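My notebook is open and the viewer is running. I'll write down what I look up, one entry at a time.

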Amino acid sequence: VDGDRWISLWSTAIVGSLSGRRRSLDLQVKQVILDDMLATGRALKLRSFELPKDIAFETEVNEMGQGFTIEKDTLTPTLKMRRPQLERHYQAELSAMYARIRSQEAAEARAV
């Protein structure tokens with residue numbers, strides 16, 4: 001990731017959240033990270049199905065910067081992921097993400 005650009009966008013996102021611009025800036029930060037992941041994957045000659053089409057971030061983190069916690073019931077006391085609880089917790093977001101991807105792919109297929 002281009003560190004300076006990412007830090008600039010991230011700090012702007014934090015300040016922007018105070019003025020109600022957070023969603024737009026969060027999307028910009030997300031796009032910078034996704035673009036970097038795609039560029040890295042292409043440089044490593046990954047196949048198209050190995051490249052991410054979208055990404056999501058956990059924005060509710062504790063004081064240690066962790067999004068999965070025992071308190072949220074997403075980790076066990078021995079710090080193992082509780083997969084069924086994680087799936088339930090993120091199901092709506094994942095369903096929306098896959099719907100967006102299908103919609104974009106359908107639009108691209110129609111355009112060809």
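**Entry 1: a cut-off before I start.** I call a residue buried when its relative accessible area is under 20%, exposed when that area is over 50%, and partly exposed in between. I tried this on Thr76 straight away: its relative accessible area is 17%, so Thr76 counts as buried. I also noted that this is a predicted model.

**Entry 2: the overall plan.** How many helices and strands does the protein chain have? I found three helices and zero strands. Reading from the N terminus, the order is α-α-α. The chain has 112 residues, and 21% of them are buried. I looked up the accessible surface too, and it comes to about 8700 Å². Carbon and sulfur atoms hold 57% of that surface. Then I checked contacts between residues with a separation of 6 or more: 32% of them join residues 24 or more positions apart.

**Entry 3: how far to trust it.** The mean pLDDT for the protein chain is 83, and 78% of the residues reach at least 70. Which element has the lowest mean pLDDT? That's helix H1, residues 3-18, with 56. H3 has the highest, with 93. My reminder to self: where pLDDT is low, the predicted coordinates should not be read in detail.

**Entry 4: back to Thr76.** I located Thr76 in the loop between H2 and H3. Its side chain makes a polar contact with the side chain of Thr78, at 3.0 Å. Setting aside neighbours within four places in sequence, I listed Ile70 and Arg82 as the contacts of Thr76.

**Entry 5: two odd phi angles.** Still in the loop between H2 and H3, I came to Asp73. Its phi is near 65 degrees, which is positive even though the residue is not a glycine. Asp73 has 33% relative accessibility, so I put it down as partly exposed. Leu79 is in the loop between H2 and H3 as well. This residue isn't a glycine, yet it has a positive phi of about 65 degrees. Is Leu79 buried or exposed? With a relative accessible area of 58%, Leu79 is exposed.

**Entry 6: salt bridges, starting with Lys30.** My search of the whole structure turned up five salt bridges. One of them joins the side chains of Asp54 and Lys30, with N to O at 2.8 Å. Asp54 sits in the loop between helix H2 (22-43) and helix H3 (83-111), while Lys30 is in helix H2. The two are 24 residues apart, and the pair links distant parts of the chain. I looked up how covered they are: both Asp54 and Lys30 are buried. For Lys30 the relative accessible area is 19%, and the cut-off is under 20%, so it counts as buried. What does Lys30 touch, not counting residues up to four places away in sequence? My list reads Asp54, Ile55, Phe57 and Arg100. Two names on that list come up again, as Lys30, Asp54 and Arg100 are linked in a network of salt bridges.

**Entry 7: another bridge, to helix H3.** Next I clicked on Glu105 and Lys53, whose side chains meet in a salt bridge with N to O at 3.1 Å. Why does this pair tie together parts 52 residues apart in sequence? Because Glu105 lies in helix H3 and Lys53 in the loop between H2 and H3. Glu105 has a relative accessible area of 35%, so I marked it partly exposed.

**Entry 8: a bridge inside the loop.** Glu58 and Lys72 form a salt bridge too, with their closest N and O atoms 3.6 Å apart. Both residues lie in the loop between H2 and H3, so here the pair ties together parts that are 14 residues apart in sequence. Glu58 is partly exposed at 26% relative accessible area, and Lys72 is partly exposed at 30%.

**Entry 9: a look along H3.** Where does H3 bend? The bend is at Tyr90, by about 60 degrees. I wrote down the buried residues of H3 as well: Gln85, Leu86, Tyr90, Met97 and Ile101. So Tyr90 goes into my notes twice, as the residue at the bend and as a buried one by the under 20% cut-off.

Conventions. Residues numbered from 1 in each chain as written. Predicted model: local features only at pLDDT ≥ 70, side-chain atom pairs only at ≥ 80, totals over all residues. Heavy atoms only, no water. Helix = DSSP H or I, 4+ residues; strand = E, 2+ residues; numbered from the N terminus. Buried < 20%, exposed > 50% of the residue type's maximum accessible area, 1.4 Å probe, protein only. Contact = heavy atoms within 4.5 Å. Areas by Shrake-Rupley, 256 points an atom, 1.4 Å probe, with all protein chains shown as cover. Salt bridge = Lys/Arg side-chain N within 4 Å of Asp/Glu carboxyl O. pLDDT = per-residue confidence, 0-100. Bend = angle between axes of the 7 residues up to and from the residue. Polar contact = N/O pair within 3.5 Å; in protein donor to acceptor, adjacent residues only side chain to side chain.
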